[in-house]
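Me: I would like a close look at a single part of this structure. Please take one charged pair as the starting point and work outwards from there in one connected account.

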Amino acid sequence: GRAWGEHSSDVIGRDRYRLRLNRVEGARLPVTFVDCSARIEARMEGIGCQFQVMVPLSGGIDMVVDGRPLSTSPGEAVFVRPARSMRFVASPSRCLVVDLPDGVLDAWFQRHRTAAPAVAGRVLAGRSGGRVVRGALRLARLYDQTAPRRDGLSSPPPPGVPLAEAALL
């Protein structure tokens with residue numbers, strides 16, 4: 001719920017719906033692994049979701065963000081800025097969602113003397129998309145190395161996390 005805010009969703013077809021999420025807060029960039037067993041349509045209206053990068057690992061995602069259609073498949077990533085409305089249809093899929101909190105991106109945009117993108121979203125394909133996909137996967141693999149603690153608290157992230165986050169940004 002924290003990742004996407006309030007939304008409604010419907011299963012399309014007869015596949016059994018099973019959703020598994022694993023979210024790691026991380027040092028600066030939270031990462032959520034999503035595994036959905038069915039084709040679904042989700043709708044979000046009036047939310048102020050944060051900047052996100054979605055990286056399909058299997059299956060595909062067709063989205064309409066503030067009226068702009070976007071489609072992505074494995075090997076690509078989609079960058080989405082906070083939107084007034086979002087609708088997406090995802091095939092049975094597995095994906096990574098990397099949250100880019102406002103303060104983190106604001107600092108990056110200021111440091112590089114550039115403005116946040118005005119478009120609602122952009123598919124990142126080709127070489128730049130490949131770099132983003134590899135960066136997100138590297139960050140997720142580092143988080144996979146985080147050992148669980150018996151007391152239920154979070155372990156500190158592995159040493160390579162700050163560098164991986166900086167590279168992804």
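Reply: In this predicted model, Asp99 and Arg23 form a salt bridge, and their closest N and O atoms are 2.8 Å apart. Side chains of opposite charge can pair when their charged atoms come close. The two partners belong to distant parts of the chain: Asp99 lies in strand β10 (residues 93-100) and Arg23 in strand β2, 76 residues apart. Their surroundings can be described by relative accessibility. Asp99 has a value of 0% and therefore counts as buried. Arg23, at 25%, counts as partly exposed, because the buried class holds only residues under 20%.

Both strands of this pair are part of one sheet. Six strands form this open sheet, in the order β2-β3-β10-β5-β8-β11, with antiparallel pairing. In that order, β3 stands between β2 and β10. The edges are β2 (19-24) and β11 (121-124), each of which pairs on one side only. On average, neighbouring strands of the sheet are turned by 20 degrees against each other, direction ignored. Strands of a sheet pair through backbone hydrogen bonds, either parallel or antiparallel.

The edge strand β2 deserves a further step. Six bridges join β2 to the antiparallel strand β3 (residues 31-36). One of the residues involved is Leu19, whose bridge partner in β3 is Cys36.

Cys36 raises a separate matter: how many disulfides does the whole structure hold? A search finds zero. A disulfide is a covalent bond between the sulfur atoms of two cysteines. The cysteine sulfur closest to that of Cys36 belongs to Cys95, and at 9.1 Å it is too far away for a bond, since a disulfide requires two sulfur atoms within 2.5 Å. Cys95, accordingly, is in no disulfide. Cys36 is buried, with a relative accessible area of 7%, and Cys95 is buried with a relative accessible area of 7% as well.

The salt bridge of Asp99 can now be placed among the others. The whole structure contains seven salt bridges. Elsewhere, Asp10, Glu41, Arg43 and Arg87 are linked in a network of salt bridges. Within this network, Arg43 pairs with Glu41, the closest N and O atoms being 3.6 Å apart. Arg43 counts as partly exposed, at 26% relative accessibility. Glu41 also meets the side chain of Arg87 in a salt bridge, at 3.5 Å from N to O. This second contact of Glu41 links distant parts of the chain: Arg87 is in strand β9 (residues 85-90) and Glu41 in strand β4 (residues 39-45), 46 residues apart. Arg87 counts as partly exposed, at 35% relative accessibility.

Finally, the account returns to β10, the strand that holds Asp99. The buried residues of helix α3 pack against β10 and α2 (126-144). In α3 (residues 161-168), these buried residues are Val161, Ala164, Glu165 and Leu168. They cover an arc of only 100 degrees around the axis, so they lie on the same side of α3. On the other side of the helix, Leu163 and Ala167 are exposed.

Terms used
Residues are numbered from 1 along each chain as its sequence is written. This is a predicted model: local features need pLDDT of at least 70, side-chain atom pairs count only at pLDDT 80 or more; totals for chains, interfaces and linings use all residues. Side-chain values use heavy atoms; hydrogens and water are left out. Two strands pair if DSSP finds at least two bridges between them. Helices (H or I, at least four residues) and strands (E, at least two) are DSSP runs, numbered from the N terminus. Axes are lines fitted to C-alpha atoms, for helices over the stretch in contact, and angles run from 0 to 180 degrees between N-to-C directions. Buried means under 20% relative accessible area, exposed over 50%, partly exposed in between (1.4 Å probe, protein chains only). A salt bridge is a side-chain nitrogen of Lys or Arg within 4 Å of a carboxyl oxygen of Asp or Glu. The arc is that of the directions from the helix axis to the C-beta atoms. Contact means heavy atoms within 4.5 Å.
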